[in-house]
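Biologist: Please take a close look at one part of this model for me, the part where the charged side chains gather, and describe it in a connected way.

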Amino acid sequence: MIFVVVSAVVSLATGYLLRDIPALAALNPATRERQQLEASQKQKDEGLKQREKEIEEKKSSVELREKEVNDGIASIEKREVAATEKEEKLSQREAVLAEKEKKISELESNVKSRDKELSER
C-alpha cells in the first residue's frame, strides 16, 4: 500500500516536473503537442499580421492613387472652366468687332454718299 502511494506521489511529481520544466516538458507528449499547437498558432498569427500589414499598405496606395485621380479631375475641371471663360471673352470680342465693322461699313457708305453728293455739285 505504501508502495502504491509512493508511486502515485512520484508519478504526480514527475507530471508536474514535466509540465513546469521546459527541458523535461519536451519529454511529455501532451506538452510537446501543446507547444506545437502554440507554435502553429503563433505562425498563423504572424501570417495574419503580415497580411493585415500588406492590406493596409495596399489601402494606403489605393487612397493615394484615388487622391491623385481626384486632383487630376479637379485640374481638368479648372482648365475646362478657364477654357469656357476664354471662349466667352472671345465671343464677346468677336461681337464687339462685328459691331465696329458694321459701323465702319456704315461710315464708308456715308463717305461714299457724301462724295457722290459733292461730285454732283
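**Confidence and charges along one helix**

Modeller: Among the elements of the chain, helix H2 (residues 22–25) has the lowest mean pLDDT, at 58, while H3 has the highest, at 93. This is a predicted model, and where pLDDT is low, the predicted coordinates should not be read in detail. Over the chain the mean pLDDT is 85, with 79% of the residues reaching 70 or more. The close look therefore goes to H3, the element with the highest mean pLDDT, since low values advise against detailed reading.

As a setting for that helix, the chain holds 3 helices and 0 strands, and its pattern along the sequence reads α-α-α. Of its 121 residues, 3% count as buried, and the accessible surface comes to about 11300 Å², with carbon and sulfur atoms accounting for 57% of that area.

Turning to the charges, side chains of opposite charge can pair when their charged atoms come close. The whole structure contains 4 salt bridges, and three of them can be followed here in sequence order. One joins Glu38 to Arg34, with the closest N and O atoms 3.7 Å apart; both residues lie in helix H3 and are separated by 4 residues, about one turn of the helix. Glu38 has a relative accessibility of 48% and therefore counts as partly exposed, and Arg34, at 39%, is also placed in the partly exposed class.

Further along, Glu68 forms a salt bridge with Arg65, and here the closest N and O atoms are 3.4 Å apart. These two residues also belong to helix H3, but they stand 3 residues apart, again described as about one turn of the helix. Their exposure falls into two classes: Glu68 is partly exposed because its relative accessible area is 42%, whereas Arg65 is exposed because its relative accessible area is 53%, and exposed requires over 50%.

Another pair is Lys67 and Asp71, whose side chains meet in a salt bridge with an N to O distance of 3.1 Å. Both of these residues lie in helix H3, 4 residues apart, which is about one turn of the helix, and Asp71 counts as partly exposed at 43% relative accessibility.

Beside these pairs there is a group of like charges: Glu52, Glu56, Glu63 and Glu66 form a negative surface patch. Of this group, Glu52 can be placed in helix H3, which spans residues 29–120. Glu52 is exposed, with a relative accessible area of 51%, so it passes both the value of over 50% used for that class and the value of over 30% required of a patch member. A patch member must also have no salt bridge, and Glu52 is therefore to be read apart from paired residues such as Glu38 and Glu68.

Key
Residues are numbered from 1 along each chain as its sequence is written. This is a predicted model: local features need pLDDT of at least 70, side-chain atom pairs count only at pLDDT 80 or more; totals for chains, interfaces and linings use all residues. Side-chain values use heavy atoms; hydrogens and water are left out. Patches are made of residues with over 30% relative accessible area and no salt bridge: like charges are joined within 9 Å, nonpolar side chains (Val, Leu, Ile, Met, Phe, Trp, Tyr) within 5 Å. Accessible areas come from the Shrake-Rupley method with a 1.4 Å probe; for residues, only the protein chains shown count as cover. Lys and Arg count as positive and Asp and Glu as negative; His and the chain ends are not counted. The place of a charge is taken as NZ of Lys, CZ of Arg, CG of Asp or CD of Glu. Buried means under 20% relative accessible area, exposed over 50%, partly exposed in between (1.4 Å probe, protein chains only). pLDDT is the predictor's confidence in each residue, from 0 to 100.
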